[in-house]
Amino acid sequence: MARRPRVFVATRPEQVPGDCRRFISVDGAVPGAEITWDHHQTGERINLDTLPSAFDLEGFDGIGTTLADTDALASVVALLAGGPSRLSPGARAVLECASHHCDHLRPHPGHGGRANRLGERLDNHVATELAAVSPARRSGRFSRLCRDILRALPGPFPGRAAPPWAPLVARAEAEGRLSMHGGVLLVDLRRGWRTPVRPDAWYAARPECRAAVVAERHPRGGPRYTMGQNPFLADPPDMRPVLGALAAAEFARGAPALGPEARPGMENWGGRREVGGSPWNYGSRLAPGEVASIVATALG
């Protein structure tokens, strides 16, 4: 009997399991992948939209992603099931809605209220499970969650009414971690903070902001940033020019950035219209206030 493909999270070659020689990357570009389906590069709304309708995993021994979240999970589950066309219509709708809520923090416009409610509940469940473990254990927890959802097909899927963010936002407020820089919200979680908070919680705390920058500690030292538009605005700004400005500023500091563009292969900032972030494999050389200022200036 053939071994089931390994599911893992990796941003560097040494993080890829040693027994994975032929593997697929979804929702991000894992180094060494034979096939990559990544909507950050190709522009689809959610990563499920990048997958072929059917796919045979014969000969592949792994499926990886660069970030454990619900959008990546939905693609892994679909591939393990044989492709999106092998999912029941109801299960596919819920996975699409969960992916959309994960990435865009809003209901999927192509589905109705029930599918979106179930998708949001599934996304809350995945986010809560991943938040409960340390970064060192997140790859293993992500793999287990993918298997759990695969076994739950065609549904019902596990879900939670709400993510566990409210008390954490209140704590961040009390500790003075939230500050406004023009129309940009800066959330500084670099010191004494280990619990993930989903971005919609920060936007809800400062609904007037046009964009937010979340600063955390990179495991290799220095800051790591996530930056995105406020999705609750009537006309959210396009963050791609902002990412370009940040990538140019990062490259101006020298190596290890390989180029000034915000695209794969540059070891630099990257992302898409809605959201992006600083380099995966090293801490940014830009200070939090500097990043907030670049974002504010680029937004105009």
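T66 has a relative accessible area of 7% and is buried. Here buried means under 20% relative accessible area, exposed over 50%, and partly exposed in between (1.4 Å probe, protein chains only). The model is predicted: local features need pLDDT of at least 70, side-chain atom pairs count only at pLDDT 80 or more, and totals for chains, interfaces and linings use all residues. Residues are numbered from 1 along each chain as its sequence is written, and side-chain values use heavy atoms, with hydrogens and water left out.

**Exercise 1. Place T66 and list what it contacts.**

Step 1. Find the element. T66 sits in the loop between strand 4 (62–65) and helix 2 (70–80). Helices (H or I, at least four residues) and strands (E, at least two) are DSSP runs, numbered from the N terminus.

Step 2. Collect the contacts. Contact means heavy atoms within 4.5 Å. Neighbours within four places in sequence are set aside. T66 then contacts V9, A10 and T11, the run V26, D27, G28, A29 and V30, and also W280.

**Exercise 2. Which side of helix 9 do its buried residues occupy, and what covers them?**

Step 1. Check the geometry. Helix 9 (residues 288–299) has twelve residues. From first C-alpha to last it reaches 17 Å, close to the 16 Å expected at 1.5 Å a residue. The expected span is 1.5 Å times one less than the number of residues.

Step 2. List the buried residues of helix 9. They are P288, V291, A292, I294, V295 and L299.

Step 3. Read the arc. These residues cover only 160 degrees around the axis, so they lie on the same side of helix 9. The arc is that of the directions from the helix axis to the C-beta atoms.

Step 4. Find the cover. It includes strand 5 (178–181), strand 6 (184–188), strand 7 (211–217), strand 8 (223–229) and helix 8 (240–251).

Step 5. Look past the end. Just after helix 9, G300 takes a positive phi of about 80 degrees. G300 is exposed, with a relative accessible area of 82%. Its C-alpha is separated by 11 Å from that of R210, 90 residues apart along the chain.

**Exercise 3. Describe the second largest pocket.**

Step 1. State the volume. About 270 Å³ of space lies in this pocket. On a 1 Å grid over the protein atoms alone, a pocket is an open set of points where a 1.4 Å probe fits, with protein on both sides within 12 Å along at least five of seven lines; lining residues have an atom within 4 Å of a point. Grid points are joined across faces, edges and corners, and the volume is the space filled by probe spheres set on the points.

Step 2. Name the lining. The second largest pocket has 15 lining residues, and those closest to its centre are G43, E44, R272, R273 and E274.

Step 3. Assign elements. Helix 1 (39–42) and helix 3 (89–104) each give two or more residues. Helix 1 has the largest share, three residues.

Step 4. Sort by chemistry. The lining divides into one nonpolar, seven polar and seven charged residues. Ala, Val, Leu, Ile, Met, Phe, Trp, Tyr, Cys and Pro count as nonpolar, Asp, Glu, Lys and Arg as charged, and the others, Gly among them, as polar.

**Exercise 4. Audit the backbone at P154, P156, L105 and E267.**

Step 1. Check omega. A cis peptide bond joins L153 and P154, with omega about 5 degrees. Another cis bond joins G155 and P156, with omega about 0 degrees. P154 is in the loop between helix 5 (138–152) and helix 6 (166–174); P156 is also in the loop between helix 5 and helix 6.

Step 2. Check phi. L105 is not a glycine, yet its phi is positive, about 65 degrees. This residue lies in the loop between helix 3 and helix 4 (113–131). At 11% relative accessibility, L105 is buried.

Step 3. Turn to E267. Its phi is near 50 degrees, a positive value in a residue other than glycine. E267 lies in the loop between helix 8 and strand 9 (270–271) and is partly exposed at 31%.

**Exercise 5. Where is R147, and is it buried or exposed?**

Step 1. R147 is in helix 5. Its relative accessibility is 11%, so it counts as buried.

Step 2. Beyond four places in sequence, R147 touches R4, P5, R6, V7 and L80.

Step 3. R147 and L73 are 74 residues apart in sequence and 9.5 Å apart, C-alpha to C-alpha.
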